[in-house]
Amino acid sequence: MSGNRGVVYLGNGKVEIQKIDYPKMQDPRGRKIEHAVILRVVSTNICGSDQHMVRGRTTAQTGLVLGHEITGEVIEKGSDVENLQIGDLVSVPFNVACGRCRSCKEMHTGVCLSVNPARPGGAYGYVDMGDWTGGQAEYAMVPYADFNLLKLPDRDRAMEKIRDLTCLSDILPTGYHGAVTAGVGRAARCTSPVPVRSVWRLPLRLACWARRW
Ligand SMILES: [Zn+2]
Ligand SMILES: [Zn+2]
């Protein structure tokens, strides 16, 4: 079995790449699961929300492996995984969701009722989000893989743009959703009259493109 390395939170303002356990096919409570895959991480982002933990603004515990924006290659799969194959290149949404509970069936996967005993909603590598190990690592486990993973259909083409596609795991759809629900649409200007933080420019442009759809 391979080793693993990940970005570990060590306290206010301090992280370090350390040796960590290779992922197991089990949930954070130690229950063996067969609906999971193990990914070789191809690319991952540092999110703005990681900064809340790294800068000591949360109750994140020392030893937390960070990273909820993961793109990877399937290298192992459980016996209940039906729609993914070894070698598939996949984008991982930052929320962990079961696809089976009432929230998930209503498309509110950010408040899945099954993946965090403490409260609705789970995420990888994030304080109070169910203790799922983060993906700023060489290998990561994704549960409910058939539901959670977006397969990138053309592997070679995807690898040419993999740094762009890595934004699919959080900021692009999150920003898009935020822009649309904020009312950016047919009647909105396609350029902001005021300077927009660079992180929002892509989703705003995308929402403007949606006018042509
Ligand atoms: Zn994020
Ligand atoms: Zn759910």
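How are the donor residues of the zinc ion, ligand 2, spaced in sequence? The pattern is C-x2-C-x2-C-x7-C. Before I go on, please keep in mind that this is a predicted model.

Let me stay with the metal site. Four cysteine sulfurs coordinate the zinc ion (ligand 2): the SG atoms of Cys98, Cys101, Cys104 and Cys112, at 2.3 to 2.4 Å. The angles between these four donor atoms run from 101 to 118 degrees, so the arrangement is tetrahedral. Of the residues in the site, Cys98 is buried, and Cys104 is buried too.

Next, the sheet. This one is open and has five strands, in the order 8-3-4-5-9, with antiparallel pairing. At the edges are strand 8, residues 139–142, and strand 9, residues 150–151; each has a single partner strand, so one side of each has no neighbour in the sheet. Further in, strand 3 (residues 37–44) and strand 4 (residues 70–77) pair in the antiparallel sense over seven bridges. To pick out one position there, Leu39 stands opposite Val74 in strand 4.

Last, helix 6, which covers residues 171–181. Which residues of helix 6 are buried? They are Leu172, Gly175 and Ala179. These residues span an arc of only 75 degrees around the axis, and therefore lie on the same side of helix 6. The general background is that an α-helix has 3.6 residues a turn, so residues three or four places apart point the same way. On the face of helix 6 turned away from the buried side are the exposed residues His177 and Thr181. After helix 6 comes Gly183, with a positive phi near 100 degrees.

Definitions and conventions:
Residues numbered from 1 in each chain as written. Chains lettered and ligands numbered in written order. Predicted model: local features only at pLDDT ≥ 70, side-chain atom pairs only at ≥ 80, totals over all residues. Heavy atoms only, no water. Donors = N, O, S within 2.8 Å, 3.2 Å for Na, K, Ca; no water. Tetrahedral: all angles 85-135°; square planar, octahedral: opposite > 155°, others 65-115°. Buried < 20%, exposed > 50% of the residue type's maximum accessible area, 1.4 Å probe, protein only. Pairing = 2+ DSSP bridges. Helix = DSSP H or I, 4+ residues; strand = E, 2+ residues; numbered from the N terminus. Arc of directions from axis to C-beta.
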